[in-house]
Amino acid sequence: MKPNDRAAQLVRPEAKPLLGEAETVEINLVFEDNRYAALVFGQYDQNLAKLERRLGVIANANGNLVTIKGAPEACEHARRALETLHARVKLGQPVSLGDVDGAIQEGALQGSLFPSEAEVGRVVFEQIGTRRSGSVRARNAAQDLYLRALKRHELVFAEGPAGTGKTWLAVGYAVLLLEQGAVERLILSRPAVEAGERLGFLPGDMREKVDPYLRPIFDALADFMDARMLERGMQTGMIEVAPLAFMRGRTLSRACILLDEAQNATTMQMKMFLTRLGEGSRMIVTGDPTQTDLPPGQKSGLSEAIELLSGLDGIGHVVFRETDVVRHDLVRRIVGAYEAAARRAGPGAEKARK
C-alpha cells in the first residue's frame, strides 16, 4: 500500500464487552500503515509490554492490529496512549520507552478532562523546540507544568530527584529563548562544592577548570544546539560558563541564567545569585534538596530560597517526584528505594540530610 493520508489513520471501533467477564472489554486498533504500527508497538512489542505493566491490560499485536483487553477505563487509557504515540511517529519522531511513559501520563490527563467519546479539542502536553532538536514535548504532567512555568515566570525553581529532566528541559528552553532573540546570551553556573570553590588547583584555563562540574549542561547543550553554533557561542561569549563563586558583583541583563545543582549553594551564595537578575533576563534554578553535599549542619540555600520566595508573584516553583523519573525504569525504582528508606528513617534524618 502506498503511504498517504488515509494510510496514517486509525480505525477505532467501539469497545466490545467480553461475554462472561464482568467489567472487561476489548478494543481493536488498526494501523493502516504497517510502518507506523511497527514504530508504535516498538521492537519486539516492548512498548505494548510497558502499556500492559503500567495499565494492567493485555495488548496483543497481530501485524498492524492491536487488541487491548481489560477494564474499560484502563483500555480507554491504553487507546489514548497509543494514539499519542501514533501522532508522534507521524511527525517522524522516534518513540522510546520514556515516550511511552509520557503518552500514558498524557492519556491520563486527557481522560480526566474530557469524556471518552470526545475526539476533538483534546489537551496535549506543553512542548518546546530548537533548530537542532525539533519539537520536544513534555513526557509527564510534572514536565508539562515545568515548561508552562518557564514560559510564564521570570524566575523558576525546579526541585526533584535525578532523571526527571529538570536540567535538560531548562537548557532546551534557554536555547529556545536565545534562538528567538528573547535573550542575548546564556549564562550557565553550578556550585563547585567538590573542590571547595578553589578551582585554581585544577589544570588549564577557566573553561577547562569548570568543565567537570558543568559537563551535564554541556551534554544538554549538544542535544539542542549544532556543534559549530555551540563552539562559536562559547568563543564569542554568547554562551558563558562560570562557577557560582565567580558571579558576585555582576548584573546580568538580557540573559537566561541557569543554576544547576543548586542544593549545594549556601544561603549567602543563593542570595548573591538571585540578586544578579537584571532587566529582560530569565533565571532557572534546579536541584535536588535530598542530595546536598554541603558540610553537616549547613542548610541548603535552595531549600531556604524556596521557603522564602515560592509564593511571590513572578516566581514559579515545580516539584518533581520519583514517579516523574524519565531516564530509565531502573532509575525510577532506585530513587523510590532511597526515598522509602529516608521515610522509614523518620523526618529527623531527612531534615539532617538537607
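**Start at a strand pair**

Select Ser 189 first: opposite Ser 189 stands Ala 242 of strand β10. Helices (H or I, at least four residues) and strands (E, at least two) are DSSP runs, numbered from the N terminus. Before moving on, note that this is a predicted model, in which local features need pLDDT of at least 70 and side-chain atom pairs count only at pLDDT 80 or more, while totals for chains, interfaces and linings use all residues. Residues are numbered from 1 along each chain as its sequence is written, and side-chain values use heavy atoms, with hydrogens and water left out.

Now select residues 185-190, strand β9, together with β10: five bridges pair them in the parallel sense. Two strands count as paired if DSSP finds at least two bridges between them.

Why is β10, residues 239-243, largely enclosed by the rest of the structure? Four of its five residues are buried, so the rest of the structure largely encloses β10. Buried means under 20% relative accessible area, exposed over 50% and partly exposed in between, using a 1.4 Å probe and protein chains only.

**Widen the view to the sheet**

Show the strands in the order β10-β9-β11-β12-β8-β13, and you have an open sheet of six strands with parallel pairing. At the edges are β10 and β13 (315-319), each with a single partner strand, so one side of each has no neighbour in the sheet. From one strand to the next, the twist averages 15°.

Go to the β13 edge and select β8, residues 155-159: β8 and β13 run parallel and are joined by five bridges. Colour Ala 158, and look opposite to find Val 318 in β13.

Next, show helix α5, residues 141-152. Which strands does α5 lie across? They are β8, β12 (282-287) and β13, and α5 runs at about 150° to β12. Such angles run from 0 to 180 degrees between N-to-C directions, and axes are lines fitted to C-alpha atoms, for helices over the stretch in contact.

**A hairpin to visit**

Select residues 127-137. Strands β6 and β7 form a hairpin here, with three residues between them. Strand β7 covers residues 134-137, runs antiparallel to β6 and is joined to it by four bridges. Thr 130 has Gly 134 of β7 as its bridge partner. Turn β6 (residues 127-130) around to compare its faces: Ile 128 and Thr 130 are on the covered face, whereas Gln 127 and Gly 129 are on the uncovered one.

**Three helix pairs**

Two packed helices are described by the angle between their axes and the distance between the axes.

Show α1 (residues 34-41) with α3 (residues 72-90): their axes are 9 Å apart, at an angle of about 120°. That angle makes α1 oblique to α3; under 35 degrees counts as roughly parallel, over 145 as roughly antiparallel, 65 to 115 as roughly perpendicular and the rest as oblique. Their crossing is right-handed, meaning that the near helix is turned clockwise from the far one by less than a right angle (anticlockwise would be left-handed). Add side chains for the contact (heavy atoms within 4.5 Å): α1 brings Tyr 36, Leu 39 and Val 40, and α3 brings Leu 82, Leu 85, His 86, Val 89 and Lys 90. These residues are six nonpolar, one polar and one charged. Here Ala, Val, Leu, Ile, Met, Phe, Trp, Tyr, Cys and Pro count as nonpolar, Asp, Glu, Lys and Arg as charged, and the others, Gly among them, as polar.

Keep α3 on screen and add α2, residues 46-55: these two pack at about 145°, with axes 11 Å apart. This crossing is also right-handed. Leu 48, Leu 51 and Leu 55 of α2 touch Ala 74, His 77, Ala 78, Ala 81 and Leu 82 of α3. How many charged residues does the contact of α2 with α3 have? There are no charged residues, with seven nonpolar and one polar.

Finally, select α9 (residues 267-274) and α10 (residues 301-309), which pack at about 55° with axes 8 Å apart. At this angle α9 is oblique to α10, and their crossing is right-handed. Contact comes from Thr 267, Met 270 and Leu 274 of α9 and from Gly 301, Leu 302, Glu 304, Ala 305 and Leu 309 of α10. Stay on α9 to find its buried residues, Gln 269, Met 270, Met 272, Phe 273 and Leu 274. Their cover includes β8, β11 (255-259), β12 and α10.

**Zoom out**

The whole protein chain has twelve helices and 13 strands. Of its 354 residues, 49% are buried.
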